[in-house]
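Hello,

I am passing on the structure we talked about, and I would ask you to open it beside this message before you read further. My notes on what was found follow below it.

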Number of protein chains: 2
Amino acid sequence: MTRPTLADVAAEAGVSVSTASLAFSGAGPIASATRDRVLAAAARLSYAGPNPLGQQLRSGRSGIVGVVVGDRLRRSFRDPVSTQMLDGLAQALSEQNLGLLLVPSEAGEVPPLVQHTAMDAAVVVLANGPDDDVVLALTRRGIPVVSIEGEIGDDPRRPGAATTNVGIDDRGGTALLVRELLGLGHRRFGVVALPYGHDRRLGAPDVDGEVSARYAHTRRRLAGIADAGVVPEVVVETPASLVEHGRSAGHQILSRPDPPTAVVALSDLLASGVVLAARELGLRVPEDVSVAGFDGIDLPWLAPDVLTTVHQPLADKGRLAGEAAVELAAGRPVDEVVLPVDLQPGTTTGPPPRR
Amino acid sequence: MTRPTLADVAAEAGVSVSTASLAFSGAGPIASATRDRVLAAAARLSYAGPNPLGQQLRSGRSGIVGVVVGDRLRRSFRDPVSTQMLDGLAQALSEQNLGLLLVPSEAGEVPPLVQHTAMDAAVVVLANGPDDDVVLALTRRGIPVVSIEGEIGDDPRRPGAATTNVGIDDRGGTALLVRELLGLGHRRFGVVALPYGHDRRLGAPDVDGEVSARYAHTRRRLAGIADAGVVPEVVVETPASLVEHGRSAGHQILSRPDPPTAVVALSDLLASGVVLAARELGLRVPEDVSVAGFDGIDLPWLAPDVLTTVHQPLADKGRLAGEAAVELAAGRPVDEVVLPVDLQPGTTTGPPPRR
DNA sequence: CGCGCGGATCGAATCGATTCGACCCCGTGG
DNA sequence: CCACGGGGTCGAATCGATTCGATCCGCGCG
């Protein structure tokens with residue numbers, strides 16, 4: 001009644017367990033007649049191949065890479081930025097025959113899966129920095145960690161941990177974008193920011209995010225704006241990169257008396273929400289207000305507008321993270337990766353209105 | 001240099017391995033002083049807890065549920081229907097402390113992960129029926145399978161396999177929708193169909209999908225339309241449930257001479273593409289043409305239109321599939337589940353234009 | 001004072017495979 | 001004719017934990 005094991009197959013074929021093993025793994029010399037006998041015996045017992053659990057224990061490797069997606073899974077899935085990246089990641093891992101274990105993680109919690117599941121390496125999306133508890137738990141277990149969109153530094157609490165970062169040039173990206181807007185003549189800016197990563201004191205505008213945001217990519221993108229020499233008139237932090245939050249932030253900014261002439265949103269979804277808000281307020285884009293985003297995702301439904309944005313190579317980012325995980329799992333160190341971004345002009349930006 | 005094992009900890013603490021095991025598992029009697037000594041020793045060696053690989057072999061369970069998403073991962077991720085379902089699934093599994101292994105699968109291929117990775121159960125999205133090779137491979141390995149949006153029947157090639165189906169009332173759903181449109185006065189219908197699941201002879205309109213579609217949910221939804229007594233004037237099969245495909249199908253249908261007065265799309269994304277196409281052709285919705293969809297997802301960017309659709313409980317579907325997987329993994333049989341759907345009227349349907 | 005009971009600890013078997021070294025046998029070359 | 005070599009097979013150790021049954025010890029009760 002119980003599933004057959006290699007030993008059963010060996011007995012059925014009249015060979016030793018070690019020989020039976022060779023018949024399946026192909027490592028080592030074996031007469032083809034013997035192999036056939038073993039395989040026939042296996043078929044007779046409907047033995048579907050070596051039990052992975054046994055192989056894993058023996059080899060010490062599980063063939064699994066954990067992918068920890070910060071914040072609710074629901075959100076990660078709704079955001080094309082995450083999904084495209086995950087797609088590249090999945091691709092890279094499946095090419096190496098590695099499994100992708102999806103680990104959802106509420107902010108501030110260390111999921112039990114992180115503590116107790118077997119994995120050869122982990123990719124953490126949106127690590128909050130060196131002190132992230134999830135990263136700490138993983139490295140404590142000796143699991144190499146790749147961070148995406150975050151940054152893992154050295155931490156005395158985990159000496160010799162194998163870690164690396166994969167990211168994009170966030171800072172250069174927003175600087176590029178803002179310089180473009182400056183070139184068009186804009187001087188007064190509004191900013192719709194991604195979450196800062198502080199514990200939920202949301203909505204409070206805070207120009208200080210540039211230095212204080214806990215989420216590295218938010219901080220870096222804000223820093224890029226400063227690099228271009230711009231101090232925004234208003235900064236609105238949003239709870240997540242979703243169209244509806246962009247819309248409400250857009251309303252907030254554009255219904256001010258004498259609103260800014262350009263709104264920079266730190267993601268495309270937020271930016272498209274701002275465009276919707278502008279439309280609802282009867283403002284023409286870009287004649288009355290310019291709107292720009294970040295990410296370079298496809299937004300077919302925004303037609304006829306095409307968002308001016310900074311394009312980042314999302315699938316590549318995921319793929320590189322996957323490859324980095326593979327390398328670290330094999331015990332080879334991996335250098336940090338910072339991917340370039342480029343300006344992708346659309347129809348949502350133009351010269352400011354003449355007053 | 002090598003990671004410490006339970007034996008090392010036991011030695012360090014001066015107890016036997018079995019006692020050390022008890023200190024961690026808590027199963028069986030142990031003096032609290034002893035437990036503390038063991039834990040202290042573990043801390044000294046920075047032993048992070050029992051190696052999952054050993055536990056897994058011993059228990060024969062991996063704590064992992066494979067989720068096979070048919071077609072490219074990219075597509076599954078772009079579709080809110082999949083992602084909301086996955087979200088419910090992830091939730092259910094993580095409540096049971098089970099890992100979710102994401103297995104992308106090209107149509108017609110059996111991914112190596114399916115063959116060789118350890119899992120306690122699998123959920124297959126869009127199984128193509130009893131003969132699906134992926135399902136066959138899994139059941140051959142003795143892995144219980146839950147099918148979502150497909151249907152696994154009995155197959156002589158896998159006697160005694162533990163399987164079940166979780167789905168929705170597709171057929172009743174489209175029947176409901178079409179009866180509503182009939183009630184409004186529509187008599188001439190166009191249909192934008194989901195893929196039939198045949199091998200890529202796409203684009204060829206085919207009213208026969210009702211009986212021939214390999215993908216069960218496409219077949220059932222088409223059958224519901226027939227149940228309502230309607231024979232569409234035109235049926236367009238699309239390659240995937242994406243806005244752009246809905247748009248081109250919409251153009252195809254609405255630019256016919258004397259087009260149908262109502263277009264039923266088998267998914268909301270397709271339907272919203274049809275709405276966009278109507279807008280582009282200068283047709284008013286619903287005055288000139290009524291459009292209806294299926295799924296009941298959120299489409300904020302379609303504003304001011306709100307799609308008339310059939311709502312299905314996506315997260316529940318995922319959650320139930322997860323729970324079914326848990327049950328099957330535990331060796332308990334599970335009955336098929338068919339979730340109810342309901343009509344969700346919007347602003348995109350109305351009486352047909354008077355001629 | 002001795003026996004019995006129960007809580008704590010320990011030894012050894014077990015899960016299912018891989019792999020190293022030993023061994024056997026047969027063919028070839030000296 | 002013998003020695004050597006190599007292809008093929010086998011036995012046993014190993015990976016890291018859990019668990020069953022046995023042992024040991026101390027305490028309470030008769």
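The element that gives the most to the surface near DNA strand D is α4(B), with four residues, and please keep in mind from the start that everything described here comes from a predicted model. In total, 21 residues lie around DNA strand D, and those that come nearest are A:T34, B:L6, B:S21, B:N51 and B:R58. When these surrounding residues are sorted by class, nine are nonpolar, 10 are polar and two are charged. If you look from the side of the DNA instead, 64% of the atoms of strand D within 4 Å of the protein belong to sugar or phosphate, while the rest belong to bases.

Several individual contacts are worth finding on your screen. The backbone of B:L6 places a polar atom 2.4 Å from a phosphate oxygen of DNA strand D, and in the side chain of B:S21 an N or O atom is 2.6 Å from a phosphate oxygen of that strand. Chain A takes part as well, since a polar side-chain atom of A:T19 lies 2.8 Å from a phosphate oxygen of DNA strand D. The elements that give two or more residues to this surface are α2 (17-25) and α4 (52-59) of chain A, together with α2 (17-25) and α4 (52-59) of chain B.

Let me now turn to the other strand. DNA strand C is surrounded by 21 residues, of which A:L6, A:S21, A:N51, A:R58 and B:T34 are the closest. Of the atoms of DNA strand C that come within 4 Å of the protein, sugar and phosphate account for 62%. The surface near DNA strand C receives at least two residues from each of α2 and α4 of chain A and α2 and α4 of chain B, and α4(A) gives the most to it, with four residues. By class, this surface has nine nonpolar, 10 polar and two charged residues.

Which kinds of atoms of DNA strand C do A:S21 and B:R58 approach? For A:S21, a polar side-chain atom lies 2.6 Å from a phosphate oxygen of strand C, whereas for B:R58 an N or O atom of the side chain is 3.5 Å from a base oxygen of strand C. A polar backbone atom of B:S16 is also 2.9 Å from a phosphate oxygen of DNA strand C.

Finally, here is a view of chain A as a whole. Its secondary structure comes to 14 helices and 12 strands. The radius of gyration of chain A is 26 Å, well over the 20 Å that the globule rule gives for 355 residues, and therefore the chain is more spread out than a compact globule. Along the principal axes, the C-alpha atoms of chain A fill a box of roughly 95 × 45 × 35 Å. Buried residues make up 52% of the 355 residues in chain A, and the chain exposes about 14,900 Å², of which carbon and sulfur atoms supply 51%. Among contacts in chain A between residues at least 6 apart in sequence, 70% join residues at least 24 apart.

As a last residue to locate, A:P257 lies in the loop between α12 (243-254) and β8 (262-265) of chain A, and A:P257 is exposed, with a relative accessible area of 75%. The C-alpha atoms of A:P257 and A:S59 are separated by 67 Å, and these two residues are 198 residues apart along the chain.

With best wishes

How values were computed: Residues numbered from 1 in each chain as written. Chains lettered and ligands numbered in written order. Predicted model: local features only at pLDDT ≥ 70, side-chain atom pairs only at ≥ 80, totals over all residues. Heavy atoms only, no water. Near = heavy atom within 4 Å. Polar contact = N/O pair within 3.5 Å; in protein donor to acceptor, adjacent residues only side chain to side chain. Nonpolar A, V, L, I, M, F, W, Y, C, P; charged D, E, K, R; others polar. Rg over C-alpha atoms; globule rule 2.2 N^0.38 Å. Buried < 20%, exposed > 50% of the residue type's maximum accessible area, 1.4 Å probe, protein only. Contact = heavy atoms within 4.5 Å. Areas by Shrake-Rupley, 256 points an atom, 1.4 Å probe, with all protein chains shown as cover.
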